[in-house]
Amino acid sequence: MAMETGLLLLLVLAPAVYAADHTVGDSSGWSQGVDYTTWASSNTFTVGDTLTFSYSGLHGVDQVTKTNYDSCTAKALKSYNSGSDKVTLDQAGDWYFICPTTGHCDSGMKLAITVSAASSTPSTPSPPSTTPTTPSTPTPTTPSPPSTTPSPPSTTSPSTPTASAATILYNMNALVIGASVVLALLLG
Ligand SMILES: [Cu+2]
């Protein structure tokens, strides 16, 4: 008896191993004031996965075309209103859902997702692709040029001012002597 139920459980669970169920909005559910663009970008959707829309009676779920998603027009390709709707993503491509309640889609209660085709080797081989992008950055070459400019003023300045000060003093002496000579000649 126990073995029979165990086998039955295995048979029931086996097909679900590679299909993920995504609760739309996670703990927030399908509601107003939730950013479903962010939610969608943090999930990966594969053919065979399911979406679960969980919500109160105020809301509903309409699967719509891209055009009607963009304009918030509730022309449903498929309509759901149970409050706990499971949608099987059975086709690769873009899927669009809106809440048909007036004003809700316009205030952001809309979901667009891209479903990718199931690969032959399911789920596990994808994670290693995230790490190898980092080694491109170590090239800081710029700090050398500023060291060339501050040095030249120190070599040229100390020699000339002393020489010119001496010549100025010398010229002033000559001028004073010259002037006094001229004065002496004029007065004498
Ligand atoms: Cu709504």
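Me: Before anything else, when do two strands count as a pair?
Reply: Two strands pair if DSSP finds at least two bridges between them. Keep in mind that this is a predicted model.

Me: OK, so in which sense do β3 and β6 pair, and over how many bridges?
Reply: They run antiparallel, and the pairing covers 5 bridges. Strand β3 spans residues 50-54. One of its residues, F53, sits opposite D85 in β6.

Me: What holds strands together in a sheet anyway?
Reply: Backbone hydrogen bonds do that job, and the pairing can be parallel or antiparallel.

Me: What's the strand order in the open sheet here?
Reply: The order is β1-β3-β6, so 3 strands with mixed pairing.

Me: And which strands stand at the edges?
Reply: β1 (21-23) and β6 (84-88) do. Each has a single partner strand, so one side of each has no neighbour in the sheet. On average, neighbouring strands of this sheet are turned by 20 degrees against each other, ignoring direction.

Me: Switching topic: what's odd about phi of D26?
Reply: The value is near 50 degrees, which is positive in a residue other than glycine. D26 lies in the loop between β1 and α2 (36-41).

Me: Is D26 buried or exposed?
Reply: Exposed, because D26 has 12 C-beta neighbours inside 10 Å, and 12 or fewer counts as exposed.

Me: What about C72, what's its phi?
Reply: Phi of C72 is near 55 degrees, again a positive value in a non-glycine residue. You'll find C72 in the loop between α3 (66-71) and β5 (78-80).

Me: And how does C72 count, with 19 C-beta neighbours inside 10 Å?
Reply: C72 counts as partly exposed, because buried would take 20 or more.

Technical notes:
Residues numbered from 1 in each chain as written. Predicted model: local features only at pLDDT ≥ 70, side-chain atom pairs only at ≥ 80, totals over all residues. Helix = DSSP H or I, 4+ residues; strand = E, 2+ residues; numbered from the N terminus. Axes fitted to C-alpha atoms, helices over the stretch in contact; angles between N-to-C directions.
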